[in-house]
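Here are some notes for a colleague who is opening this structure for the first time. They are set out as numbered points, to be read beside the sequence and the model.

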Amino acid sequence: DNPYIYPFTIFSVGFISIFYALENAGISFKINALFHTLPSYSLGLGWVSVALIAILVSFLLYKIKPSLQ
């Protein structure tokens, strides 16, 4: 029933995946240092923690939004 889970998770995972792929191609950004603090990022699994955070945020937004109206 939560319409936020899919878009939040896909956007978040896609965002970090783009930077991971660019870093592997030799193009690095300052934000990559932040990503290296994620668990398992060096193994290519940093997206898992990002997905879990996105799911949590979408769940909280879904629960809070009806009370804001």
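1. A polar contact in helix α3. The side chain of Ser58 reaches the backbone oxygen of Ile55 at 2.8 Å. Ser58 is placed in helix α3, and because its relative accessible area is 0%, under the 20% cut-off, Ser58 counts as buried. Its partner in this contact, Ile55, is listed among the residues of a nonpolar patch on the surface, to which point 4 returns.

2. Confidence. Please keep in mind that this is a predicted model. The pLDDT of the chain averages 87, and 96% of the residues score at least 70. Within the chain, the mean is highest in α1, at 91, and lowest in α2, at 86. As a general caution, the predicted coordinates should not be read in detail where pLDDT is low.

3. The aromatic residues. How many aromatic pairs does the count come to? With ring centres required to lie within 6.5 Å, the count comes to eight aromatic pairs. One of them joins Phe15 and Phe19, whose ring centres are 5.0 Å apart and whose planes meet at 65°, so this pair is edge-to-face. Both residues belong to helix α1 (residues 5–24), where, being four residues apart, they are separated by about one helical turn. Their surroundings can be set side by side: Phe15 is partly exposed, with a relative accessible area of 36%, whereas Phe19 is buried, at 15%. Ring pairs also link these two with Phe11, Tyr20, Phe29, Phe35 and Tyr41 into a cluster.

4. The nonpolar patch. On the surface, Ile5, Leu43, Leu45, Trp47, Val48, Leu52 and Ile55 form a nonpolar patch, and together they have about 620 Å² of accessible area. Which helix gives the most to the nonpolar patch? It is helix α3 (residues 46–68), which gives four residues. Leu45, another member of the patch, has its place in the loop between α2 (32–35) and α3, and its relative accessibility of 39% makes it partly exposed.

5. The loop between α2 and α3. Ser40, which lies in this loop, deserves a look at its backbone, where phi is positive, at about 65°, although the residue is not a glycine. For comparison, most residues other than glycine have a negative phi. At 34% relative accessibility, Ser40 counts as partly exposed. His36 also has its place in the loop between α2 and α3 and is likewise partly exposed, at 43% relative accessibility. Along the chain, His36 and Gly46 are ten residues apart, and their C-alpha atoms are separated by 8.2 Å.

6. Val50 and Phe35. Is Val50, which is found in helix α3, buried or exposed? Its relative accessible area is 16%, and because buried means under 20%, Val50 is counted as buried. From C-alpha to C-alpha, Val50 and Phe35 are 9.7 Å apart in space, with their positions 15 residues apart in sequence given as the separation. Phe35 is also one of the rings in the aromatic cluster of point 3.

Technical notes: Residues numbered from 1 in each chain as written. Predicted model: local features only at pLDDT ≥ 70, side-chain atom pairs only at ≥ 80, totals over all residues. Heavy atoms only, no water. Patch = residues over 30% accessible without salt bridge, like charges linked within 9 Å, V, L, I, M, F, W, Y side chains within 5 Å. Areas by Shrake-Rupley, 256 points an atom, 1.4 Å probe, with all protein chains shown as cover. Salt bridge = Lys/Arg side-chain N within 4 Å of Asp/Glu carboxyl O. Helix = DSSP H or I, 4+ residues; strand = E, 2+ residues; numbered from the N terminus. Buried < 20%, exposed > 50% of the residue type's maximum accessible area, 1.4 Å probe, protein only. Phe/Tyr/Trp six-rings, centres within 6.5 Å; stacked < 30°, edge-to-face > 60°. pLDDT = per-residue confidence, 0-100. Polar contact = N/O pair within 3.5 Å; in protein donor to acceptor, adjacent residues only side chain to side chain.
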